[in-house]
Amino acid sequence: MNNIDWKNLPFGYMKTDYNVRCYYRDGKWGQVETSSSEEISIHMAATCLHYGQEAFEGLKAFRCKDGKIRIFRLEENAARLQSTCRGIMMPELPTELFREMCIKVIKMNERFLPPYGEGASLYLRPLLIGTGAQVGVKPANEYLFMIFVTPVGPYFKGGFMANPYVVTRKYDRSAPLGTGVYKVGGNYAASLRAHTEACAGGQYACEFYLDAKEKKYIDEAGAANFFGIKNDTYITPESTSILPSITNKSLMQLAQDMGMKVERRPIAIEELESFEEAGACGTAAVISPIERVDDPEMGKSYNFGKEPGPWSKKLYERLRGIQLGECEDTHNWNTVID
């Protein structure tokens with residue numbers, strides 16, 4: 001038995017038993033391999049190291065009340081990875097191969113899947129890197145796709161509770177028509193300094209970025225999409241520099257199911273004054289309700305309350321209910337493992 005304190009798991013890395021790997025060579029994907037090593041061996045001239053040919057995903061598996069394991073929206077993660085592959089010139093991984101490897105790595109590490117009711121999950125990290133040696137900017141001819149898993153607790157300490165955020169105007173996370181719509185490591189590297197400076201001292205949970213062109217519209221948080229709620233309407237930004245969040249896509253559908261209107265459009269920062277609720281959403285955080293958004297350079301603060309709002313609660317509970325098999329999965333989002 002594992003000696004793991006499931007209720008107090010951080011969101012971080014824990015060594016598990018196995019990972020799965022598949023190489024792309026000679027124009028085709030090979031056989032799925034299993035490894036117990038936490039290390040990989042790559043050429044010092046690999047394109048992932050020099051030219052950023054690297055993509056990753058994040059998805060969760062849950063042990064449910066009925067004893068089954070559910071993976072949430074696996075096909076959407078596969079599709080987003082394929083979009084990233086097209087964006088940075090890597091071979092697309094077939095959805096069926098993605099599914100096979102996800103199921104295999106979960107089954108091989110099942111003892112690390114948190115028990116039902118502990119508020120934790122098994123986080124899957126698919127990773128695709130260019131391994132072919134290349135000096136000169138062009139795509140590699142060899143690639144490695146792998147998935148490792150780790151049990152995780154809530155992304156933000158305290159879980160589903162309101163957190164303060166802060167606007168950063170000094171830095172941009174990504175540019176319009178750049179790589180912001182792709183899940184590549186460079187976007188996160190670009191957020192490290194901004195996050196460190198904006199959130200120093202622990203006063204804020206995360207930073208918010210404005211559009212790089214005009215510094216007028218809300219883009220997203222460092223690791224999550226933004227949504228606001230007013231007049232029974234779910235509103236989320238539309239931009240060519242925002243990563244399309246699978247969680248946000250799910251929440252938009254659930255909002256419609258609950259009778260809300262849904263709008264996806266540019267949101268000027270001043271519009272925050274009119275929102276009744278606001279939140280950040282993503283695979284890691286699910287929903288992080290926003291207590292307030294401070295804009296220090298403009299001397300403004302937008303407040304939404306110290307407790308999660310009613311619509312945020314309903315959306316969170318419905319989404320979690322579907323993930324845990326407690327609510328009917330009317331849109332067939334879950335991949336069920338008996």
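The following conversation concerns a helix pair and one glutamate in a predicted model.

Visitor: What kind of model is this, and how are residues numbered?
Guide: The model is predicted; local features need pLDDT of at least 70, side-chain atom pairs count only at pLDDT 80 or more, and totals for chains, interfaces and linings use all residues. Residues are numbered from 1 along each chain as its sequence is written, and side-chain values use heavy atoms, with hydrogens and water left out.

Visitor: At what angle do α2 and α3 pack?
Guide: Helix α2 (residues 74–87) and helix α3 (residues 95–108) pack at about 125°, and their axes are 9 Å apart. Axes are lines fitted to C-alpha atoms over the stretch in contact, with angles from 0 to 180 degrees between N-to-C directions. Helices are DSSP runs of H or I with at least four residues, strands are E runs of at least two, and both are numbered from the N terminus.

Visitor: Which residues of α2 and α3 meet?
Guide: From α2, the residues are L74, E75, N77, A78, L81 and Q82; from α3, they are T95, F98, R99 and C102. Contact means heavy atoms within 4.5 Å.

Visitor: Turning to E220, where is it, and is it buried or exposed?
Guide: E220 lies in strand β11 (residues 218–221). E220 is buried, at a relative accessible area of 3%; buried means under 20%, exposed over 50% and partly exposed in between, with a 1.4 Å probe and protein chains only.

Visitor: Which residues does E220 touch?
Guide: Leaving out residues up to four places away in sequence, E220 touches R173, E207, F208, Y209, N225, S241, I242 and L243.
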